[in-house]
Amino acid sequence: MKHLEKLFAELAVQKLQNQTRRHFLMDCVSKVGGLALAPLLFGCEPEQLMKSSSGLNLSERDLNPLAPLPPPFVGKAKSIIYLHMAGAPSQLELFDFKPELAKYHNQDCPESLLEGRKFAFIRGVPKMLGPQAKFAQHGKSGAWVSDYLPHFAKVADEVAFLKAVHTDQFNHGPAQLFMQTGSPRLGRPSLGSWVTYGLGTENQNLPGFVVLTSGGKTPDAGKSVWGSGFLPSVYQGVQCRSKGDPVLYLEDPTGMSRDLKKNVISAINQVNQEDFETFGDPEILARINQYEMAYRMQIEVPEVMNINDEPAHIHELYGTKPGEESFANNCLLARKLVEKGVRVVQLYDWGWDTHGTDHDGSIDMGLRNKCREIDRPMSALLLDLKQRGLLEETLVVWGGEFGRTPMQENREGKVQGFMGRDHHVDAFTMWMAGGGVKKGASYGITDDFGFSGVDERVSVHDLHATILQLMGFNHEKFTYDFQGRPFRLTDVHGELIHAVLA
Amino acid sequence: MLEFLGPLLGRMHPLLVHLPIGILVFGILLCFFPQKKKNPLLPSIRLAFLLGGIAALSAGISGFLQYQFEGFAWEDVRIHLFGGILTTLGSFGVFFHLKSLKKIQLKSKIFVLGLALVLIITGHLGGNLTHGESYFTEVLPQELQSFLGIEIQPEKGPELAEESWEEAVFYSEVVQPILNQNCKSCHNPRNKKGELDLSSMKALLAGGEDGLILTAGDAEHSELFARLILPKEDEKHMPPSGKPQPSKEEIALIESWIKSGAKDNQTLAGAGIPRKLIERFIAKNEKPFYPITDFPAISTDSLAELKSFGFFAEAVESGSGLLKVTCINFPDFQNSDWDKLAPFKNRIAYLDLSGTKISSEIINSIVELPNLTVLKLNETAISGSNLGALTALAHLKLLYMNNTTFTLREIQMLAKSQSLKKVFAFDTPAAKEWTVSEGLTFPFQLEVGNFQLPKLPTDTIVY
């Protein structure tokens, strides 16, 4: 019964929190009329009206927010692995082959490309920068992949390329937020949170939404890129450490038995419970839930997050070295997590911001090194998912937050010491693979410089709409009521990309 | 000889109904005239209700005849008919009620107000029958309509069949549906913005306030197309910015239609339309992944029961009667636990027993799941001796048996299955045999994995 009271109190608090101007105006319109009608319809007992709205039916979801829910329609995928290359890789060196651009290498950029444009760093008239990679077509689909990604070239038939994705943010933070939450400003739930909210999680001993980072830094936009926004906090991504123990203090300390631990946690939860009863803040419930989850995680996490016991041929496939922080280890972990029923695994790899300001940030050297770090692991991930049959029900998405310019960056109007490209919002390449994605498809055509999409352009909202569709949601109907109006991941935008749906 | 009289009188109903409405409203209004000790209007009022009653009676009779002869459904007219009878009785009632009075009393006023209410409701229902229920609301702006909670049925775009799309008539099956979907809400016979109606061929040819909109063969000079490709900021761009815009295929189709002569009977093949343009309108007769059943949605109690044993159990989609069951948090599941699943055997469509303690005999139970579509037996001690029994499952599409002891010979026993699409046997003896005995073919796709990415010189070059 305590649970019930707790939930009623929570409901009351949430109602009050969510009351806004919109509600007030709506009430003004609807309830004044209702006031006049009430005696007619219900006699002189307005309580009847009250009763009918408070007849609460508590579902399993109210008690366990991560309880699984069926998708609105049969989804092609049940899990997502999203590989986000933070900093934005150059599409012109990886997938978007522009031989014409090579001819203009080192020539002044035509005025027509610069008119009315703003760039993050380019000032004045920059020089064009030809592609620095060698391209070839691969597989049955004839996909263009450069020699920067020799392993990936062999699995190119498994993926569908989106070659004319565009965004409207040219700085990393806002663009990452836009790519992950559908809005360049803070406050919206991330894609992973939406999916976890909509489907819950299958394995009750693991979080529904796990985040792993590599490249030495977390994304510029901070943890909001996997935040839950206005959704309850339990749906936010759980970041695991990429080096050492994935989750700290999972092992019981010596002398501390599991029963004793249980007593400790229930005592803490008791205190939190009392706090909740005093203040009525629903976030305290999220805290209580986290403690319970942590206790359950102790059973499963050490096993699932441990890659040491994987056979040698798997380590060889991924190029993993247990113990170090690497994209490869994270890819292998992503496969293990999805295998264990985790709903969303989000990988961030930092270090793709190749402006040409130093060696690491150069298109011809630093970018090659960066590509080598992901080439084998991400190809291995696709193959490993495929051989286990997990690719049938897992969606893999790869991309940065924007693309890079066909021009050499000229920070402060100066010539750079290295070859580099500025941020570019008009056209860049992403790819998807797995559950429900058409293998070997390529959608989107860019102009001869790879500057703008000329046909089959895809917006960030279109991408989100398509991802939700594959997970079993109609993006126009998947909403959450906040501040008096229903919110969608795609807000009022988004069209399905039919060309990449199998 | 005189059978026509009934239908004719019936058709008088829409005419006759106006008499009682007019007369009674007049009478009702007179009741509220200021009065002194004696009401001099009383005889007139009584006369009004008498005449009104008679008029209502004749309207009622003609209405009944119309109902009899014109094929109205009883459910539709019922309340209207009772309302008519009530109005008639009410009118005579007021007439007799006023007989003994010298002036209008409060209860008389209440009486006539009640009558007025019945009259309005009856009249309104009658109007709904002849003019349709949305007669008033459909002229309102769409925003106001949705504010009032009226669901606007979205117009359907073109829908073509895979086999016969080439034979579809370009105008009526493609162009008009596109116009209906994108333009009709503002350009229809009732709501002609710019004097333009785009709901029929005849109206298209008539044009709008700026003249003709269609020049057969010349899309650039046809406003019907030219307005669509103006920049969105342009005031003349159609549909106006903020409204849903037609897709580029739809615009291209309108262009092709005009270029091909804007005929109303040409087929898509006749106009030489490539499949690419029409692709997204061709209905994919994709078969659903899971079998179609008529099981009602599973009750939350049953789900809770399954979950209490430790299973993950959920409907395959919202409202479906089919179940997905996994043992992801139930690694101790063994053959003897099958009883817990047995009550749901007709409903289980997805079963994951990976990593559990099952043994080979469980196959005999599994074959009793008629709707099973996905079966996972990864990392179990099942041996393959009676694997062939699984061919009895008519809907089984995906079979997972990674990390088991199945051999290629055992997997061959599945060859008779009519439904199997893919079998996953990574990390099994079968996978090892497969590499040496290539040439074996199966009616399904056998995935044994063992993928490697051979080392490349570039793997070690650091730039």
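## A walk through chains B and A

Start by selecting helix α3 (residues 18-31) and helix α6 (residues 106-131) of chain B: their axes come within 10 Å and cross at roughly 155°. Since the cut-off for roughly antiparallel is an angle over 145 degrees, that angle makes α3(B) roughly antiparallel to α6(B). Keep in mind as you look around that this is a predicted model.

Now turn on the side chains for this pair. From α3(B), show I21(B), L24(B), I28(B) and C31(B); across from them in α6(B), show S108(B), K109(B), V112(B), L115(B), A116(B), L119(B) and G123(B). Colour them by class and you get eight nonpolar, two polar and one charged residues in the contact of α3(B) with α6(B). If you are wondering about the hand of the crossing, α3(B) and α6(B) cross in a left-handed way.

Here's a handy bit of background for reading such lists. An α-helix has 3.6 residues a turn, so residues three or four places apart point the same way.

**Next stop: another partner for α3(B)**

Keep α3(B) selected and add helix α4 (residues 42-69) of chain B. How do the axes of α3(B) and α4(B) run past each other? They come within 8 Å and cross at roughly 155°, which means α3(B) is roughly antiparallel to α4(B). This crossing of α3(B) and α4(B) is left-handed.

To see who touches whom, pick these two groups:

- On α3(B), the contact uses L19(B), P20(B), I23(B), L24(B), F26(B), G27(B), L30(B) and C31(B).
- On α4(B), it uses S44(B), I45(B), A48(B), F49(B), L51(B), G52(B), A55(B), A56(B) and A59(B).

Sort the residues of the contact of α3(B) with α4(B) by class and they split into 14 nonpolar, three polar and no charged. Did you spot L24(B) and C31(B) again? They belong to the contact with α4(B) and also to the one with α6(B).

**Zoom out to the whole of chain B**

Select all of chain B and count along: there are 17 helices and seven strands. Its C-alpha atoms fill a box of roughly 115 × 65 × 65 Å along the principal axes. What is the radius of gyration of chain B? It is 37 Å, whereas a compact globule of 463 residues would have one near 23 Å. Of those 463 residues, 32% count as buried. Look at contacts in chain B with a separation of 6 or more, and 59% of them come from residues 24 or more positions apart.

**Hop across to chain A**

Switch your selection to chain A, which has 15 helices and 17 strands. Along its principal axes, the C-alpha trace spans about 85 × 65 × 45 Å. Chain A has a radius of gyration of 25 Å, which agrees with the value near 23 Å for a compact globule with 502 residues. Here 49% of the 502 residues count as buried. Among contacts in chain A between residues at least 6 apart in sequence, 76% join residues at least 24 apart.

**Inside chain A: a covered helix**

Select helix α9 (residues 191-199) of chain A. How many of its residues are buried? Nine of nine, and the helix is mostly covered. The buried residues run from L191(A) to L199(A), with W194(A) and Y197(A) among them. To see what does the covering, bring up parts of chain A including β1 (79-86), α8 (172-181), β5 (209-214), β7 (344-350) and α15 (460-470). Then step just past the end of α9(A) to G200(A), where phi is positive, about 70°.

**Last stop: where the chains meet**

Show both chains together. Their contact takes 27 residues from chain B and 28 from chain A. On the side of chain B that touches chain A, β1 (312-315) and β5 (398-400) of chain B each supply at least two residues. β1(B) gives the most to that side, with three residues. By class, the side of chain B that touches chain A has 15 nonpolar, seven polar and five charged residues.

Finish by clicking on Q387(A), which is found in helix α14 (residues 366-387) of chain A. Why does Q387(A) count as buried? Because Q387(A) has 21 C-beta neighbours inside 10 Å, and the cut-off for buried is 20 or more. Leaving out residues up to four places away in sequence, Q387(A) touches F426(B), E447(B), G449(B) and F451(B). For one final distance, pick the C-alpha atoms of Q387(A) and H151(A): they are 236 residues apart along the chain and separated by 17 Å.

Conventions
Residues are numbered from 1 along each chain as its sequence is written. Chains are lettered from A and ligands numbered from 1 in the order in which they are written. This is a predicted model: local features need pLDDT of at least 70, side-chain atom pairs count only at pLDDT 80 or more; totals for chains, interfaces and linings use all residues. Helices (H or I, at least four residues) and strands (E, at least two) are DSSP runs, numbered from the N terminus. The radius of gyration is taken over C-alpha atoms; the globule rule is 2.2 Å times the number of residues to the power 0.38. A residue is buried if 20 or more other C-beta atoms lie within 10 Å of its own, exposed if 12 or fewer, and partly exposed in between; C-beta atoms are placed from the backbone. Two residues are in contact if their C-beta atoms, placed from the backbone, lie within 7 Å. Ala, Val, Leu, Ile, Met, Phe, Trp, Tyr, Cys and Pro count as nonpolar, Asp, Glu, Lys and Arg as charged, and the others, Gly among them, as polar. Axes are lines fitted to C-alpha atoms, for helices over the stretch in contact, and angles run from 0 to 180 degrees between N-to-C directions. Angles under 35 degrees count as roughly parallel, over 145 as roughly antiparallel, 65 to 115 as roughly perpendicular and the rest as oblique. A crossing is left-handed if the near helix is turned anticlockwise from the far one by less than a right angle, and right-handed if clockwise.
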